[in-house]
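Q: Please take a close look at one part of this model. I would like to follow the open sheet, what packs on it, and what lies around it.

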Amino acid sequence: MSIKVLVVDDSALIREVLTRMLSRDGDIDVVGTATDPIDAREKIKQLNPDVVTLDIEMPNMNGLAFLEKLMRLRPTPVVMVSTLTKKGASETLLALELGAVDFVAKPSAEFAGGIDAFGAGLRDKIRAAAKSDVRGQAGRVDTPKVAIRTAAAPDGALIAIGASTGGVEAIRTVLTNMPADCPPIVIAQHMPAGFTGRFAARLDELCALKVAEAEDRMPLLPGHAYVAPGDFHLRVERSSGQLKCRLGQDGLESGHRPSVDVLFTSVAKTVGAMAVGAILTGMGRDGARGLKLMREAGAYTVGQSQASALVYGMPRVAFEEGAVVEQAPIDQIAGRLANALNKLRPAA
């Protein structure tokens, strides 16, 4: 069964380019295109697509306003097609908060990976979106929030989090539940350059923690969280007795940069049993190998449960490979991490 896609964009050129790219492998069928949200509303009723691609800047109704209505009235997997600007990045993150599954940055003339790489990435995201559980997420009722009073741990403790598709909201849920006295948090979220800085700034607005995009050799401080910059691997190293961020642009790992495997492997080696780790929603298998190394080094590890994951790919592989101590719904993961931290003994 091919995946039925509706392409919504006011640019005839973009509609044509996206249609051609999506149709390339034969498993995705562009059943229609729409020029604006009014047109899209009728086409969605007629064609019942599995996935919609949606531009933000459109005539008659802003793409965000349309997305908000769509997710409320007829939850459908949506992949945003975003411009690589500061405003575009902010609006894209808002779209993910409103329920979009994922986004791609519009290819520009100087697109770094070339048009073929853009097309391959877009098709992968459409396939993941088709398998995502947006209807289940829309109807999900969070368990009553129990305030976590403390996540205190001895010096040298660290929290590592990895995610992909659906991770923007999942990471927000974990971080907004973490108290300000927690150890440093390092985060690898699959996201291109140009978006991670805005993502970190948005988290910083919402959390008790101080959240920043990681910089090379930045010291890891309690009460702070560090997001791997797009197109850079983030590793943790110890130098002069202090944990620090290290950034590198070495090759893709598990198909990604930043890679969750790269981050978790460095945490296993550098922090060992003084770390705790969580693998959240996402497609593929990035993070399972690194999380298993963390668990083998004595770290507590948790995976997001299937019922609460937008895409149960990365947590499923980690669970099947024995990388997680337990699985938990997203709104309980901060609590599980805090409990594990509170039991840590100072490193010898």
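A: What follows starts at the sheet and works outward.

This is a predicted model. Seven strands make up an open sheet, in the order β8-β9-β7-β6-β12-β13-β14, and the pairing is parallel. Its edges are β8 (210-213) and β14 (326-328), each of which pairs on one side only. From one strand to the next the twist averages 20°.

Start at the β8 edge. β8 pairs with strand β9 (residues 224-227) in the parallel sense, over four bridges. In this pair, Val-211 stands opposite Ala-225 of β9.

Now the helices on the sheet. Helix α10 (residues 288-296) packs on the sheet and touches β6 (158-163), β12 (275-279) and β13 (300-304). The direction of α10 makes about 150° with that of β12. Helix α12 lies across β6, β12, β13 and β14. Relative to β13, α12 runs at about 175°.

α10 also has a helix partner. Helix α9 (residues 260-270) packs with α10 at an angle of about 15°, and their axes are 7 Å apart. Angles under 35 degrees count as roughly parallel, and α9 and α10 are therefore roughly parallel to each other. The crossing of α9 past α10 is left-handed. On the α9 side the contact uses Asp-261, Phe-264, Thr-265, Val-267 and Ala-268. On the α10 side it uses Ala-288, Arg-289, Gly-290, Leu-291, Leu-293 and Met-294.

Next, the core. The largest nonpolar core has 115 residues. Those with the most contacts inside it are Ile-161, Val-174, Leu-175, Met-178, Ile-185, Val-267 and Leu-280. Helix α12 (residues 330-342) gives the most to this core, with seven residues. Val-267 also belongs to the α9 side of the contact with α10.

Val-174 deserves a closer look. Leaving aside neighbours within four places in sequence, Val-174 is in contact with Ile-161, Leu-280, Ile-330, Ile-333, Ala-334 and Leu-337. Val-174 is one of the buried residues of α7. Eight of the eleven residues of helix α7 (residues 167-177) are buried, so α7 is largely enclosed by the rest of the structure. The buried set is Gly-167, Val-168, Ala-170, Ile-171, Thr-173, Val-174, Leu-175 and Asn-177.

Other helix pairs can be read in the same style. Helix α3 (residues 63-73) packs with α4 at an angle of about 10°, their axes 10 Å apart. α3 and α4 are therefore roughly parallel to each other. Here Leu-64, Leu-67, Glu-68 and Met-71 in α3 meet Glu-91, Leu-94, Ala-95 and Leu-98 in α4.

α4 has a further contact, with α8. Helix α4 (residues 86-98) and helix α8 (residues 196-206) pack at about 60°, with 9 Å between their axes. α4 and α8 are therefore oblique to each other. The crossing of α4 past α8 is right-handed. α4 contributes Ala-89, Ser-90, Leu-93 and Glu-97 to the contact, and α8 contributes Arg-198, Phe-199 and Arg-202.

Last comes a hairpin. Strand β10 (residues 233-239) runs antiparallel to strand β11 (residues 242-248), and seven bridges join them. Arg-238 stands opposite Leu-243 in β11. Two residues lie between β10 and β11 in this hairpin. Ser-240, in the turn, has a positive phi of about 55°.

Key. Residues are numbered from 1 along each chain as its sequence is written. This is a predicted model: local features need pLDDT of at least 70, side-chain atom pairs count only at pLDDT 80 or more; totals for chains, interfaces and linings use all residues. Side-chain values use heavy atoms; hydrogens and water are left out. Two strands pair if DSSP finds at least two bridges between them. A nonpolar core is a set of buried Ala, Val, Leu, Ile, Met, Phe, Trp, Tyr and Cys residues joined through side-chain atoms within 4.5 Å. Buried means under 20% relative accessible area, exposed over 50%, partly exposed in between (1.4 Å probe, protein chains only). Contact means heavy atoms within 4.5 Å. Axes are lines fitted to C-alpha atoms, for helices over the stretch in contact, and angles run from 0 to 180 degrees between N-to-C directions. Angles under 35 degrees count as roughly parallel, over 145 as roughly antiparallel, 65 to 115 as roughly perpendicular and the rest as oblique. A crossing is left-handed if the near helix is turned anticlockwise from the far one by less than a right angle, and right-handed if clockwise.
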